[in-house]
Amino acid sequence: MIFRNIKALILLSLVLAGFQSCENPSVSEIDLSGDWNFKIDTLDEGVSQNWFELNFEETVKLPGSMAENGKGHDVSQKTVWTGNMDKDKLWYENDVVKKHLKEGVVKVPFCLTPVKEYVGPAWYQKTVTIPEAWNNKRIVLNLERVHWESMVWVNGKQVGMQNSLGTSHQYILTDILTSGNHKITIRVDNRIKDIDVGLDAHSVSDNTQSNWNGIVGDISLKIVPKLAIGDVKIYPNIKDKSVKVLVDFEGKHGVDSDAELMLQVNEKSEGGKVLKAVSKKINQGTSNQVELVYPMGDHPQLWDEFNPNLYDMKLTLNSVQGKDEKCISFGMREFKANGTVFTINERPVFLRGTLECAIFPLTGYPPTDVDSWKRIMKTVKNFGLNHIRFHSWCPPEAAFQAADELGVYLQVEASAWTFVGNGAPIDQWLYEEGEAMLNAYGNHPSFVMMAYGNEPFGKNHKNYLAKFVDHFKSIDNRRLYTGGGGWPYLENQDFYDNAAPRIQLWNQNLESVINKYPPQTNFDYDSLVKSIPMPYVTHEMGQWCAYPNFKEMSKYTGVLKPRNFEIFQETLIENGMGELADEFLLASGKLQTLCYKADIEAALRTKNLAGFQLLDLHDFPGQGTALVGVLDAFWDEKGYVTSDLYSKFCNQTVPLARLEKRIYSNTDTLKASIEIAHFGKSPLVNAKPKWKLTNMSGQLIEEGRFAEKTIDIGNGIALGEVVVPLSKSQNPEKLILSVQVTEFENTWDVWVYPIEQTEITNENSVKVVHKLDKQTIEYLKNGGKVLFNISKGDILPEKGGDIAVGFSSIFWNTSWTLGQKPHTLGILCDPKHPALEAFPTEYHSNWQWWDAMSHSNAIVLDEFPKSLKPIVRVIDDWFQNRRTALLIEAKVGKGSLLMSGIDLHTNINERLEAKQLLYSLKKYMTSNQFNPDTALNIEDITSLLVK
């Protein structure tokens, strides 16, 4: 018995010793990183003039881009940077911006500006020494992340051309490289030529990563035997507890003797178990591919977002040509569409995603190291997300590795945003690109979804994409496929990616849910989901902006500079508001977060919605500068919301409240239907949900518990009702409804205003008007107090009447959307100002400001004295940076004026917030505190008005 155990231990130790990690394969290679000779080919004459025979004199570092090496054309601060973008696109323009640009320039595409710019071919050259031991070996040149077309010559002989954007370019140099010195010359061309992926595709666009030229990943020569392991595809079978393995062979065939292929798998964890080896004899002359089934044991570890368990498969091929080894990392998972929802290993999963649009401001290109991608994906998970969509591009290998290890679901796209189906070369190229992506990254368990790219166009695009989907479903069923991000709807696709389930759509303006209807949390997209017989994913949800963070500018120490931010900051300073930049950021950021909370909760309330994809968790620096992230372009927090706060409403488990309204009188009863969206690892067994209602001081108003229950995985799960009479609120106040289930808690703000207000002393001393007639003007000049609240539309266009004020933040930006409404970023005020004493507020917009913002004009104060400080400001867009206000006060003659851009008279008995604000303003004006500092002429006021 002892002898047998010793023998078993010896065998096990031999197996363990023989298994090498996938991270350290036994492959001989020559690292080609370092100095390369260089020559720029501005006139594109290098091929015709045989530059591959020359010796170049300049030097650059690879991996790297031309811009990183200081090569290319200078782009000065005053240069209008248009890059490779469409010159016919209509861009935002205004007189303030034009002052900062060359005379006569009228088109301004705001994005980050490269220090160096170059579009065209460039040549890279290096002499390498091949050792004698490499003779009779298969030699492969690997060029990771080339941008984008490469041509290779060795000793003046052309080897080939490749143009994949998403995968490494690999050249077989077996018959060319022998022992000794050899000159390798590479021509890289970053122009968009016959393969047109689209000027705005993030694989090439200057809007985000920049259209760089260079090679930025692994650059190496590797050797393998002349009969070698090629592509390996691993198909997990959860039900049968096995994996099907398809192995392609490369190199010389037809050898008489049989070869042997051995597979062995171990758990990719410290002390992970090694599974039994499987081997198979192969007749090399009969087939280039072999299929094996590898048993994964009785209890294989599954991969998902909660337990990202990984395995390493080591493949060993022994033949008369030598021994070849390859290591593949994979996960046991099954990602499927089940009706209108997704499942991972037969458990429902809800995608909470963000886009990644190739935004890397320091380098202008994506990183190829795993740690950089782990930082991004840890941030994504900290904010409660589990999914990333790579919009119109494919990330490098390192991104997949990071997602595998951290448990993030990826949607990857074949690098395009363009016309398809018209018979152009792009149609065939997309098939080639997609297949290359599957060959390179298809074994990664994180790679769960794939599309051609973004928002396709073309006369025959639906027919083309239907065939595209069928093709890829037929060759690789390990993931789900859709035609394109955004559209179209195809009956044969696995899921539908569309923008309809959002609270704001493109060109919806003030007709969106968030701007048209009073505050509530009762709406969802149930009717949309029921109309689509497949998983429905919300396309590019959010797009809510915050004001620029000018402190961020110091971070741009690389190849891209924030010239757009410089212009925005200059105009703010010129308009006398430079000191308000941080306050604008924080106030607009609070509103932005509120909008995202509303968007995300509406999605979570929708029964059987499959998920959402935010645009974006971090800022998008192009397309007019879209500051849509609660994080900046570097994935850093901006100071107004933390991951802890954000993940209260965006997480695997989120309590939800359906409120028909948020504004109450103290004669009302607060009623809320409480439910939960739970997409955790397992059901919440014997959960004890509880709720409470508190005021801003933390004082408990009411609390309660719901019945103990086991909460299954899914959403639309009812927990109970909250019913609280609000008669205890004798003063205007904000209350906070909180619901907690296990460690997950969510909150909602509501406001209560008393029906019976305290009588205002000397109320008749304030004259409230909405028109300035002669009598009122004389009354004001002679020492009277006037509250002038205008009707919406009474302000001249140039004085603020053309500014569309709405409750929500700006959608995307006013540049790229050609002025989509609203044009503003909420309010900024001092919540302790006595004018707002009876109208409780924070320094920023919250839901009690919805009525005011929906019944107002902004007042532009650009021509007024800088000493005039508004009681309530409106934050203008960063392109105009006008001094805009809702409430101002001033001395006029001997009297005192408070002017409100908010209509406080129309249907006021039906507008509880307006009545409360009016009361608060009148109470202030009858007090000794109403004593404006700045003097204005009555003509200053009337100059604002439509006659």
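Which residues make a nonpolar surface patch of about 300 Å²? In this predicted model, whose local features need pLDDT of at least 70, whose side-chain atom pairs count only at pLDDT 80 or more, and whose totals for chains, interfaces and linings use all residues, the patch is made by Phe419, Phe457 and Trp487. Residues are numbered from 1 along each chain as its sequence is written, and side-chain values use heavy atoms, with hydrogens and water left out. Patches consist of residues with over 30% relative accessible area and no salt bridge, like charges being joined within 9 Å and nonpolar side chains (Val, Leu, Ile, Met, Phe, Trp, Tyr) within 5 Å. The accessible areas come from the Shrake-Rupley method with a 1.4 Å probe, and for residues only the protein chains shown count as cover.

One member of the patch leads to a parallel arrangement of strands. Phe419 sits in the loop between strand 29 and helix 5, where helices (H or I, at least four residues) and strands (E, at least two) are DSSP runs numbered from the N terminus. With a relative accessible area of 52%, Phe419 is exposed; the class exposed means over 50%, buried under 20%, and partly exposed in between (1.4 Å probe, protein chains only). Strand 29 itself (residues 409-416) offers a contrasting picture: eight of its eight residues are buried, so the strand is largely enclosed by the rest of the structure.

Strand 29 has a parallel partner in strand 28 (residues 387-390), to which three bridges join it; strands pair if DSSP finds at least two bridges between them. Within this pairing, Ile388 has Leu410 of strand 29 as its bridge partner. Strand 30 (residues 447-453) also runs parallel to strand 29, and here five bridges make the connection. Gln411 is matched in strand 30 by Met449. Helices link these strands in turn. Strand 28, helix 4 (residues 397-406) and strand 29 form a right-handed β-α-β unit, and another right-handed β-α-β unit comprises strand 29, helix 5 (residues 425-441) and strand 30. Right-handed here means that, with the strands pointing away from the viewer, the path from the first strand over the helix to the second runs clockwise.

Next come some points of backbone geometry. Most residues other than glycine have a negative phi, and most peptide bonds are trans. Asp44, although not a glycine, has a positive phi of about 55°, and Asn50 likewise has a positive value, near 60°. Asp44 lies in the loop between strand 2 (34-40) and strand 3 (58-62), and Asn50 is placed in the loop between strand 2 and strand 3 as well. Asn50 is partly exposed, at a relative accessible area of 32%. Cis peptide bonds occur from Leu615 to Asp616, with omega near 20°, and between Lys821 and Pro822, with omega about 0°. Asp616 belongs to the loop between strand 35 (611-615) and helix 11 (643-646), while Pro822 is found in the loop between strand 47 (785-789) and strand 48 (824-829).

Where do charged side chains meet? The structure holds 46 salt bridges, each defined as a side-chain nitrogen of Lys or Arg within 4 Å of a carboxyl oxygen of Asp or Glu. Asp44 returns here, paired with Arg187 at a closest N to O separation of 2.9 Å. This pair links distant parts of the chain, 143 residues apart, with Arg187 in strand 14. Asp44 is partly exposed at 34% relative accessible area, whereas Arg187 is buried at 5%. Asp632 and Lys555 form another salt bridge, their closest N and O atoms being 2.6 Å apart. That pair spans 77 residues, from Asp632 in the loop between strand 35 and helix 11 to Lys555 in the loop between strand 33 (536-542) and strand 34 (560-561). Asp632 is buried at 1% relative accessibility, and Lys555 is partly exposed at 28%.

Finally, a buried loop residue deserves a look. Thr208, in the loop between strand 14 (180-189) and strand 15 (214-215), has 2% relative accessibility and counts as buried. Not counting residues up to four places away in sequence, Thr208 touches His202, Cys357, Ala358, Ile359, Leu560 and Phe620, contact meaning heavy atoms within 4.5 Å.
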